[in-house]
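This report describes how one chain is organised, moving from its domains to its sheet, its cores and its charged pairs. Please view the sequence and the structure together before reading on.

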Amino acid sequence: MSDLRRPQPIQRRDFLGKAAMWTCGATLGLATVGMARLPFPAVIAGEAGAVKVGRPDDLAPGPGRWIASARAFVFRDDAGVYAISGICTHLGCIVSQTLAGFDCPCHGSRFDSQGEVTRGPAPSALPWLEVGLAPDGQLVIDTQTNVPPGTKLSV
Ligand code: FES
């Protein structure tokens, strides 16, 4: 009696071959998705426009204060208050502040304390952002407006 209706057991070699083929296909697919995503910044779009960051007197001289909603560091020194974007100009990772300036954790770019590139691959300096005073006396960072490096708000 013929046993054609009963499924044939899969050969071990066939199974391993198909498993390897599916694994290679999945790997190539994921790698393609990853490479297609590379040109786009790794950050989620931030709060656009003006971000209030508190009163000038609350800002002490010295290291910058990270303002997450503006994705920027705000500083105060003898000349005034200024803000430097924390978004790396390479592919958009968020930099961290160091004693020498800023480091990007993604591909190793480094910036000095004024945001100038000291080591690539970042193609340009961290932008300085416009800082103003709101009618209620709070500092406001305009995340959409870049200003020349060195621009500070006298307070
Ligand atoms: S995102 Fe590549 S070095 Fe910062």
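A residue counts as buried under 20% relative accessible area, as exposed over 50%, and as partly exposed in between. Asp136, with a relative accessible area of 33%, is therefore partly exposed. The model discussed here is predicted.

The protein is divided into domain 1, covering 9-39, and domain 2, covering 50-147, and the C-alpha centres of domain 1 and domain 2 lie 44 Å apart. Separation is also found between individual residues: the C-alpha atoms of Trp22 and Ala72, which are 50 residues apart along the chain, are separated by 45 Å. Trp22 lies in helix H1 and is exposed, its relative accessible area being 64%. Ile10, in the segment before helix H1 (12-37), is exposed as well, at 54% relative accessibility. Together with Phe15 and Leu16, Ile10 forms a nonpolar patch on the surface, with about 320 Å² of accessible area for the three together.

Four strands form an open sheet with antiparallel pairing, in the order E5-E6-E7-E8, and its edges are strand E5 (96-97) and strand E8 (117-119), each of which pairs on one side only. Strand E6 (residues 101-103) and strand E7 (residues 110-112) are paired in the antiparallel sense over three bridges, and Asp103 has Arg110 in E7 as its bridge partner.

The largest nonpolar core has 14 residues, and those with the most contacts inside it are Phe75, Ile84, Cys88, Val95, Phe102, Phe111 and Leu126. Strand E3 (72-77) and strand E4 (80-85) each supply at least two residues of this core. Apart from it lies another core, of 13 residues, which includes Ala70, Ala72, Val81 and Ala83.

A search of the whole structure finds three salt bridges, listed here with their closest N to O distances.

| Basic residue | Acidic residue | N to O distance |
|---|---|---|
| Lys52 | Asp136 | 2.8 Å |
| Lys152 | Asp77 | 2.6 Å |
| Arg110 | Asp103 | 3.7 Å |

Lys52 lies in strand E1 (residues 50-54) and Asp136 in the loop between strand E9 (128-133) and strand E10 (139-147), so this pair ties together parts that are 84 residues apart in sequence. Lys52 counts as partly exposed, at 48% relative accessibility. For the pair Arg110 and Asp103, whose side chains meet in a salt bridge, Arg110 is partly exposed at 38% relative accessible area, and Asp103 is partly exposed at 24%.

Notes: Residues are numbered from 1 along each chain as its sequence is written. This is a predicted model: local features need pLDDT of at least 70, side-chain atom pairs count only at pLDDT 80 or more; totals for chains, interfaces and linings use all residues. Side-chain values use heavy atoms; hydrogens and water are left out. Two strands pair if DSSP finds at least two bridges between them. A nonpolar core is a set of buried Ala, Val, Leu, Ile, Met, Phe, Trp, Tyr and Cys residues joined through side-chain atoms within 4.5 Å. Buried means under 20% relative accessible area, exposed over 50%, partly exposed in between (1.4 Å probe, protein chains only). Domain bounds come from an automatic or database domain assignment. Patches are made of residues with over 30% relative accessible area and no salt bridge: like charges are joined within 9 Å, nonpolar side chains (Val, Leu, Ile, Met, Phe, Trp, Tyr) within 5 Å. Accessible areas come from the Shrake-Rupley method with a 1.4 Å probe; for residues, only the protein chains shown count as cover. A salt bridge is a side-chain nitrogen of Lys or Arg within 4 Å of a carboxyl oxygen of Asp or Glu.
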